[in-house]
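Trainee: I am new to this structure and would be grateful for a close look at how helices pack in it. Please take one part and explain it in a connected way.

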Amino acid sequence: MRIRSEQALRGIVIVVLAVMLWQSLHVQGDSGGRAVSARGIGRATLSNWSSFSKAPGRLHVQLDSVPSKIEQAWLGALAGAGSSVTWSGGLAATMIDAQPIASPTGGTKVLVAAPSGSSVVISDEVGVIDTLRPHDAGASVTLNSVTDRLSARTKNSIASTGVRDSVVLHKILVIGEAGWESKFTIAALEEEGWKVDALIRVAPGVDVTQGSAAIDTSRYSAVVALDAGASPYANRIAEFARNGGGVVLGSGAASLDAMAPLRAGAVGRSTSVSRGVQSGAVVSLATLPLAPIASLRSDATPFEKRGTAIAIAAERVGAGRVLQIGYEDTWRWRMSGGDGAVSDHRLWWTRLASSVARAPRIPRTTSTMPSDEAPMIGLVAAVGSATGVQPRSGLSGNQSDAMAWLFVLLTLGLIGEISSRRLRGAS
Amino acid sequence: MAPSGAIVPLASDAIFEYPLVYLTGHLPFRFSETERRNVRKLVERGGMLFIDDHNHDIGGVFHKTAMEEIARTFSPPNDLPNDNEIYRCFFKFSDGPPATSHELNGWGDNLVHKNLQAVMQGGRIGVLYSSKDYSSEWNYSPDSKRFSTVDNTRFGVNIIVYALTR
């Protein structure tokens, strides 16, 4: 009985060895239906996978960084050849875009999308410029000067883009009654580099003009209509907006019946005049009088609020953009504000103008370098989104498990057979 | 803006409610440090200071002290060219600043001043100085001006329009 058991164990060992030999020979001879995985990919790995006579049934890669475009295309080709290609890894989806700013001082607005809280390093060809931490998956930075190529780097992804366009800017036309608001609005825009024409009404029927009175998009990028002084020009301003021009409407102008087609909303009752100066407090944007924008039109967008009141709203009119502001007497901010009030007031007005200004783009001939604004898009397009599957080196999970169990069986069989013979004194 | 004017202490922060400041007198004056700081800030932020010598006398104490204060606060004023925009922004004064009867009568310094003086700030007039004593004549009765070739009150309109639009 004991000898028969030993013979049975010997038989099991031989069968197991035969199965393992067959399996190893079978795999080498035919890769079809096989599942392979790897940590990271390279040209050599891809080349090896591509050299099988039959495409592997399943390919899985654990990625530490976003593959290059060639590697992404290669994975896509493997998927197209019949393999089920999956990937996993904590890659940060990163995107970068660079837009020229419609402002006389130029500049570039860099928009970045990346996981919230991640650290995104913005660089150009000269070196590192800034580090951003996106909130709600987005962040932006305004740069005065950059080279042709910008990149956004997270820990395992690099997105790059070229600064492709410049913009054509025309003058700004300011229309209003003679007063400090029109004077200091013009001053703020001119000091920021805008070329400004003005139509200032100093008496009924008497305008002090600076520049041309023809309101069209060949002359002006934007019109700033401050108050009732814009009333005689309302129809022309509306036509200007429909043709693609930008319009900034002060509350005084927005309340005119003739400006109804351009209004983002009704002009609410103005808060009392700022008492900042009288009380000795520094005047700021937050303490300026405000005529809140009420009953917002359905196609308008609130841009800025003070508490629950809408302070700035925007809407499209024809091909142009209109920005309605509720702040009043902004000149008080400049005159009675803190140390930076003059530049703050200047920047505020130029940003309003920039946000609506008609600025046709001109392609820059210098930007011929390749870019990859959103490198993850190519990977997802080629092989789909990440899966949660963890990689296993060598053979697939099922094959590896079977081999392990066979090895255990082989070992137990040998130990049992040898132990039995030793215990009964046989050699 | 106070259409009828407002009298505001230069040392007060309320001065910044009035970007056009009109200063006149015939006695010597000195800015305090606060006044100097306020006047400089007012002009730097886009306001305009108009000083009119009530003595119409360049040898007078008002003129001498005013010039010193302007130089100390900004820089010495220069003659304003008579083709400056202030002479055509509303009424047209092709020969520059209109004369006053005080000048023509030979009172004060016995001079007809051909130019006003100014300190320019960013391409516009920041401080305008007059030795003509406009302020004495601007409040004359219209009947008293009927023999004038040019009613120099019109130049006052130009100063206001310039300050409001430039």
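Mentor: What follows is an account of two helix pairs in chain A, with a word on confidence. The model is predicted, and its scores are ipTM 0.91 and pTM 0.76. For chain B, the average pLDDT is 92, and 98% of the residues score at least 70.

Two packed helices are described by the angle between their axes and the distance between the axes. In chain A, helix α4 (residues 180-191) packs against helix α8 (residues 341-356) of chain A at an angle of about 85°, and their axes lie 8 Å apart. Angles of 65 to 115 degrees count as roughly perpendicular, so α4(A) is roughly perpendicular to α8(A). On the α4(A) side, the contact involves E181(A), F184(A), T185(A), A188(A), L189(A) and E191(A). These meet V342(A), H345(A), R346(A), W349(A), T350(A) and A353(A) of α8(A). Sorted by class, this contact of α4(A) with α8(A) has six nonpolar, three polar and three charged residues.

The second pair joins helix α3 (residues 69-80) of chain A to helix α9 (residues 375-383) of chain A, with an angle of about 10° and axes 8 Å apart. Angles under 35 degrees count as roughly parallel, and α3(A) and α9(A) are therefore roughly parallel to each other. From α3(A), the residues in contact are Q72(A), L75(A), G76(A) and A79(A); from α9(A), they are P375(A), G378(A), L379(A), A382(A) and V383(A). By class, the contact of α3(A) with α9(A) has six nonpolar and three polar residues, and no charged residues.

Methods
Residues are numbered from 1 along each chain as its sequence is written. Chains are lettered from A and ligands numbered from 1 in the order in which they are written. This is a predicted model: local features need pLDDT of at least 70, side-chain atom pairs count only at pLDDT 80 or more; totals for chains, interfaces and linings use all residues. Side-chain values use heavy atoms; hydrogens and water are left out. Axes are lines fitted to C-alpha atoms, for helices over the stretch in contact, and angles run from 0 to 180 degrees between N-to-C directions. Helices (H or I, at least four residues) and strands (E, at least two) are DSSP runs, numbered from the N terminus. Angles under 35 degrees count as roughly parallel, over 145 as roughly antiparallel, 65 to 115 as roughly perpendicular and the rest as oblique. Contact means heavy atoms within 4.5 Å. Ala, Val, Leu, Ile, Met, Phe, Trp, Tyr, Cys and Pro count as nonpolar, Asp, Glu, Lys and Arg as charged, and the others, Gly among them, as polar. pLDDT is the predictor's confidence in each residue, from 0 to 100.
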